[in-house]
Every structure is written in C-alpha cells, then in structure tokens.
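User: Hi! Could you walk me through how to read some features of a protein model? I would like the general idea and then the case at hand.

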Amino acid sequence: MHFCLLGTVAVTTGTEELALGPVKRRSVLAMLLLRPNSAVPVEQLISCLWEEEPPAHARTVIQGHVSRLRATLAEAGADAHGVELTTHGSAYQLRLPEQLVDAQRFSELLYRARPEAAPDEAVGLLRQALDLWRGPALTGTVASPPFAAAAHALEERRLAAVEALARAHGMLGQYEKAADVLHPAAVANPLREGLIADLMLALYRIGRQSDAIAWYHRTRQLLADDLGVDPGERLRAAYEEILRAAPAAAAPRAAGTAARNAHPEFTESPDRGRPGAPAQGPAHAQAPVQGGPQAHGETHGQGRPAAGPPQAAPHQAAPQAAAPVPGPQLLPRPPAGFLGRDRELAVLTRLTLPAAESGGPAPAGLLPEGGVTLVTGPAGVGKTGLAVHWGHAHADAFPDGRLFADLRGFSGGEEVDPAEVLREFLLALGTPADRIPPSPEAAGALYRSLVADRRLLVVLDNARSSAQVRPLLPGGPRCATLVTSRSRLDGLIATDAVRPVRLHALGPEDGVALLGALLGPDRVAEDPEAAHELVALCDGLPLALRAASAQLLARPRWRLARLATALRDERRRLTLLSAEDAGVAAALRNSVTRLSADDARLLRTLGTGFAREVNTAEAAALAGADPELIQDGLERLAEVHLLDEEATNRYVMSDLVKLFAQDSGDGKDRQEGR
C-alpha cells in the first residue's frame with residue numbers, strides 16, 4: 001500500500017488505485033498524510049476544508065469522511081501494512097510506516113544525497129527522488145490557503161532537488177545533463193534567480209554563451225516588469241562570470257577531479273589558467289590579450305600568444321607556452337534561415353573591412369579600419385539578423401572577440417543606459433568588477449584604452465538615439481562597429497562619420513526563397529502563386545514572413561493559398577502575422593510608443609485618411625493643421641521608417657503600417673497601441 005501526495009492525492013495497492021470519493025474526503029486524507037503519526041485536530045481540518053465560514057454541521061461532515069476513509073483502507077487490507085486511522089478525542093491520527101508516503105520517501109532520498117562529496121551516488125538518489133513526482137503536489141484537494149502553502153513547500157523541495165541534481169552533474173563535468181535538468185524548471189519558474197543562475201553557468205560550460213546571456217536579460221526584464229527590482233547578487237555574479245569569458249569546460253572531467261576542483265554552482269576562478277596576473281598601477285585593469293576560438297565553435301579566428309609569461313607554482317617549472325584565453329564572444333547565435341541580402345552584406349564588408357574587400361588600401365574618404373557602420377530600416381526588416389549574420393561570417397577578422405549589446409531602443413520599456421553596457425563590456429574584456437570606475441566617463445575611457453589596439457567587433461543593436469551610442473564607440477583603429485536602429489541617427493552620421501546602410505524589404509523572389517527555407521521547398525512549390533501573394537501581403541518583411549510561416553507550420557494541412565485568403569482580410573492580417581510576443585503588431589507598437597503624442601496622432605490620421613501616398617499639403621488638410629508643423633511631423637515619421645519619402649515631398653506608408661495606424665485609433669487594445 002502506498003500513499004501519494006506528489007501529484008494527485010491517491011492510495012494504491014499494487015497496480016490498483018483506491019476510490020477515495022469526493023474532493024473534501026481526499027483533502028482530509030491529504031492533511032493526515034502531511035502529518036503522519038500525529039494527531040490532527042478537527043478544528044484544523046475544518047479550517048483547511050472551508051475557506052469561508054464553515055457550515056454548522058462541519059464536524060459531522062468531517063466525521064463522515066473519516067468513517068468512509070477508515071472503511072476504504074480496511075477493505076484494502078490496511079492492517080497488513082501497519083496502517084490504522086484512529087480517533088483521539090477531537091482529533092484524528094493516521095498511523096503508518098512513513099516510508100509508505102511518497103513525500104516522506106522523497107525527503108529521505110533528498111537528505112541522503114550529497115552532491116559535493118559523492119556526486120555519482122547523489123545523481124542516482126536524486127533521480128529516484130524526482131521520479132516520485134507525478135505532477136503538482138496535492139492535486140485534487142480543495143483550493144484553500146493551508147493546502148496551497150503545503151503544496152508550495154513541497155514544490156520548493158522539488159526545485160531544491162532539481163538544483164542539487166544539476167549540481168551533482170556539474171561536479172562530474174556533465175554540464176549538458178545539468179542544463180537539461182535545469183531548463184524545464186527555469187521555464188516554469190522564470191523569477192527563481194538561483195535556478196536561472198545555475199542554468200546560465202551550465203549553458204556557458206557547454207559553449208552556449210549567447211543562450212546563457214539571453215537568459216540573464218530575459219530574467220532581468222521580468223524582474224523589472226513584474227517586481228520592479230534588479231537582479232540579485234547570485235544572478236549578477238553568474239552573469240559577470242560569463243562576461244569575463246573564463247575558459248569553458250571542453251570535456252567532462254573525472255569524478256575525483258571534479259569533486260576537488262569544481263565549485264558547487266559550476267563556477268571556476270576567473271583567473272584560473274590565465275596567463276600573467278595583472279600588475280598594480282595604471283595597468284591593473286588591463287585584460288590579457290585575448291584570442292582563440294570559443295568552445296562552441298562560433299569563432300574561427302586564431303588566438304594570439306599572451307603578452308606576459310604564465311605563473312607557475314613554486315615547485316613546478318613554468319610551462320613552455322600558455323594556452324590562449326578566448327576573446328569575449330557575446331554575439332547571439334546566427335539567425336536561422338538567413339538567406340539573400342548579398343548586396344547588403346557586400347556593402348557591410350566594403351564599409352567595415354574595406355582593405356580586406358579590395359585587397360589594398362581603403363577607397364578615398366573611407367577609414368581603413370575602425371569605422372562605424374549604421375544599418376537602418378523599418379521594424380521587422382531584419383537589421384539585427386543581418387548584423388549578427390555578418391559578424392559570424394567574418395569571425396576570423398576579429399581574433400580579439402566580438403561584443404554585442406541590445407540597447408532596447410525600440411523594444412518597449414526603458415532603453416538601456418550606456419553606463420550599464422560599458423560595465424558589461426569591461427567585464428567581458430577581463431576587468432574585475434571591483435576595478436570598474438563608478439563614473440561613466442572614466443569607465444568609457446578605460447573601455448577605449450582596453451580596446452585601442454585590439455581587432456574587435458562591436459555590435460550595438462536596436463539603438464534609439466545617437467547619444468545612446470556615442471559612449472560605446474570603441475574608437476580604436478583596429479575595431480569595427482555595427483549599429484542597428486529603426487531611426488536614421490542623423491546626429492551620429494554628422495559627428496562620427498558613420499556610414500549608413502539602408503535595409504529594404506525583400507523582393508518577391510527573395511521572399512519566396514525565405515518561405516521555402518522556413519517551410520520546405522516542396523510546400524512552396526505546390527502553390528508558387530500563393531507564395532508570391534503571401535510575400536506581397538507581408539510587405540516583404542522577414543518578420544512578417546516568419547510569422548506567416550509559423551502559422552503554416554502549426555497547421556501542416558493548410559495550403560499556402562488558404563493563409564493568403566485569410567490575410568486578405570485586413571481586419572485579421574496583423575493578428576495572423578503574430579506569434580506569441582513576436583509579430584508585426586508588437587514591433588510597430590514599440591516604434592509608435594516612442595513617438596510624441598502629436599506624431600502618433602498624425603500617423604493615425606494618415607492611416608485612416610489615404611491609400612498609400614500623401615504630400616505635405618494633403619496631410620495638412622487631413623490633419624487640419626499648419627503645413628509647416630505637418631512637414632516636420634512627416635520628417636520625424638520618415639526618420640523612424642514609419643513612412644518612406646520616395647520622392648521630394650512624396651511620402652508612402654506600407655500596407656502593414658497603415659493597418660496598424662487604423663487599428664490604433666480607438667478601443668482598449670488600440671489605446672495600448674497609441
């Protein structure tokens with residue numbers, strides 16, 4: 001006979017489950033099992049079963065449930081298992097061997113596991129413990145605060161077991177298994193900072209540095225949005241450990257070595273194996289010269305020898321050569337399904353690596369190296385994907401590393417403070433946290449001095465303004481910088497000789513090719529006309545085409561023509577071109593929220609008042625405003641690519657922007673769009 005609390009409350013005998021009756025009877029049993037071999041007063045049972053004022057006959061109801069439970073257990077042979085439900089005055093007691101209760105067995109296994117001292121044994125014990133769970137604890141009981149508190153306590157112990165199991169795998173060098181254990185729990189508990197920190201470090205150890213960093217930023221945003229707080233010390237420490245780019249474990253270590261050397265949270269000393277301890281004085285914040293491929297193979301550059309001799313223990317001879325320390329590799333993973341854009345990629349290469357492109361000195365008017373290239377375009381056109389793809393394709397040109405920061409200029413919420421990015425970059429470049437200057441100006445000066453002679457790529461994504469970008473420009477002659485923004489950033493072009501690259505929507509053939517890459521060529525070949533229509537209905541935007549592909553992948557029996565027919569309905573188009581929190585409407589909403597009230601009003605007026613094109617006089621007539629003021633507003637809308645000025649004083653609005661502008665005119669959802 002076994003009693004189950006870790007899932008649906010149940011009693012089993014062999015393969016048979018006893019019929020326990022209604023929810024309140026099951027709840028009485030659960031409360032007695034939560035306190036095995038202890039007397040539980042009737043008053044406590046009443047308070048657990050009724051949240052509000054209990055009925056006058058509550059005691060009689062409890063007595064009836066206890067009587068039926070006693071009979072059910074007796075019929076199942078409870079006596080043979082040492083199980084007895086007894087009455088003690090105004091209390092009840094369930095006497096039984098505690099190992100018959102799954103929650104008690106779980107606690108015993110968890111107590112016996114010692115991940116740090118005996119990781120091999122701990123893995124087996126903890127897996128046995130977690131296998132006892134069949135779902136959320138105390139399922140099938142009444143929804144009252146006492147049961148909710150008890151279920152929460154059991155869930156906390158389950159998460160502690162998950163973390164302990166991951167820790168045991170980490171001690172054995174099995175970081176991939178640790179990540180597999182932690183990931184489902186992290187998805188279900190996105191605000192549990194310690195668990196997220198463990199997952200980040202496990203991912204980092206198996207070479208998935210960009211995924212680890214993405215978990216940090218996702219969690220930080222959730223903490224800010226839901227709780228209004230910053231990440232705690234443990235989460236920040238894990239993030240800083242990753243940014244310092246300490247060498248990741250290349251292969252699982254032996255259990256004995258792991259037990260001696262590995263930190264319980266999968267961390268190692270950031271200076272372990274580093275060549276050359278930093279000297280005192282002005283050079284104390286200098287990171288070692290960095291190079292070499294990252295563990296997961298995203299970079300292809302060759303590492304350079306370290307500047308100083310390696311340290312050796314007093315009783316050991318110094319090694320012949322120091323292993324290169326990887327440069328910081330903060331680029332996100334390459335975008336899936338990226339294709340086309342050959343012309344734009346070639347332009348990026350010509351502007352960013354002009355000497356490499358031409359095989360000789362840079363063309364007149366272009367810096368040989370160290371310049372800044374700005375990729376601009378409307379929401380959803382693929383600016384970030386282009387920059388990240390180019391950065392991975394030219395990894396060997398930047399042996400000292402690749403830095404990346406999402407400035408969140410058009411992502412909703414607050415944009416990132418440049419001082420915060422400077423701190424992340426300095427950590428990634430090897431500067432100890434306690435030696436980062438508190439002043440943004442001093443931190444910027446240190447950053448520029450550290451990268452002055454390095455071959456480094458810096459990608460500043462999703463910038464809102466020139467002022468946000470300027471403190472983060474490296475300035476070294478061997479550095480290259482890519483900036484992406486929905487805004488033209490005219491100020492940056494004026495002050496820093498930034499070279500702009502305008503990214504336009506995909507043409508019909510490239511759009512169809514993208515659909516083929518996402519859906520499979522056979523599915524597109526079935527209906528080429530519908531594929532071309534889908535590209536047109538999506539305005540050639542990669543984001544919209546990916547959202548449309550998500551709809552089709554979720555409905556494998558749909559032909560492309562069926563989705564095209566649905567998208568022709570302008571009332572449904574934006575909804576269909578969304579996938580959870582990603583989609584055209586969400587991207588446009590983030591652009592519109594950055595507008596002033598007057599410019600947002602002008603956008604709505606244009607969306608409802610003309611087909612696709614307008615000039616200043618027509619827009620002023622629609623808005624009933626001064627033409628000079630309207631001209632300025634049109635320019636600001638064009639600056640963030642909500643309009644295109646295709647000819648002098650001739651502005652064009654895409655169909656998707658027009659639909660969004662119309663939808664933002666009234667209603668609750670539209671108010672949010674404003």
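Analyst: Happy to; we will go through confidence, a sheet with its helices, a helix pair, and some backbone angles.

User: What is the mean pLDDT of the chain, and where is the pLDDT below 50?

Analyst: Start with the fact that this is a predicted model. The chain has a mean pLDDT of 82, with 83% of the residues at 70 or more. One stretch where the pLDDT is below 50 covers residues 356-368, and the model gives it 15 contacts beyond near neighbours in sequence. Residues 666-674 also have a pLDDT below 50, again with 15 contacts beyond near neighbours in sequence.

User: Thanks. Now to sheets: in what order do the strands β4, β5 and β6 lie, and which are the edge strands?

Analyst: A general idea to keep in mind is that side chains of a regular strand alternate between the two faces of the sheet. Here, an open sheet is formed by three strands in the order β4-β6-β5, with antiparallel pairing. Its edge strands are β4 (39-41) and β5, each of which pairs on one side only. On average, neighbouring strands in this sheet are turned by 25 degrees against each other, direction ignored.

User: How many bridges pair β5 with β6, and which residues stand opposite each other?

Analyst: Five bridges link β5 (residues 84-88) to β6 (residues 91-95) in the antiparallel sense. Within that pairing, T86 has Q93 of β6 as its bridge partner, and E84 stands opposite R95 in β6. The two strands make a hairpin with two residues between them, and G89 in the turn has a positive phi of about 65 degrees.

User: Which helix lies across β5 and β6?

Analyst: That is α3 (residues 58-75), which runs at about 150 degrees to β5.

User: How do I describe two packed helices, and what is the case for α4 and α5?

Analyst: In general, the angle between the axes and the distance between them describe a packed pair. For α4 (residues 102-112) and α5 (residues 119-131), the axes come within 9 Å and cross at roughly 160 degrees. Angles over 145 degrees count as roughly antiparallel, and therefore α4 and α5 are roughly antiparallel to each other. The crossing of α4 past α5 is left-handed. On the α4 side the contact uses F106, L109, L110 and R112, while α5 contributes L125, L126, Q128, A129 and L130. By class, the residues of this contact are seven nonpolar, one polar and one charged.

User: Which residues other than glycine have a positive phi, and where do they lie?

Analyst: The general expectation is a negative phi for most residues other than glycine. Among the exceptions here is D539, whose phi is positive at about 55 degrees although it is not a glycine. D539 sits in the loop between α21 (528-537) and α22 (542-553). Another is N649, a residue other than glycine with a positive phi near 60 degrees. N649 belongs to the loop between β15 (644-647) and β16 (650-652).

User: What is the strand order of the sheet that holds β15 and β16?

Analyst: The order is β14-β16-β15, an open sheet of three strands with antiparallel pairing. Its edge strands, each pairing on one side only, are β14 (613-614) and β15. β14 and β16 run antiparallel and are joined by two bridges; V614 has Y651 in β16 as its bridge partner.

Technical notes
Residues numbered from 1 in each chain as written. Predicted model: local features only at pLDDT ≥ 70, side-chain atom pairs only at ≥ 80, totals over all residues. Heavy atoms only, no water. pLDDT = per-residue confidence, 0-100. Contact = heavy atoms within 4.5 Å. Axes fitted to C-alpha atoms, helices over the stretch in contact; angles between N-to-C directions. Helix = DSSP H or I, 4+ residues; strand = E, 2+ residues; numbered from the N terminus. Parallel < 35°, antiparallel > 145°, perpendicular 65-115°, else oblique. Left-handed = near helix turned anticlockwise from the far one by under 90°. Nonpolar A, V, L, I, M, F, W, Y, C, P; charged D, E, K, R; others polar. Pairing = 2+ DSSP bridges.
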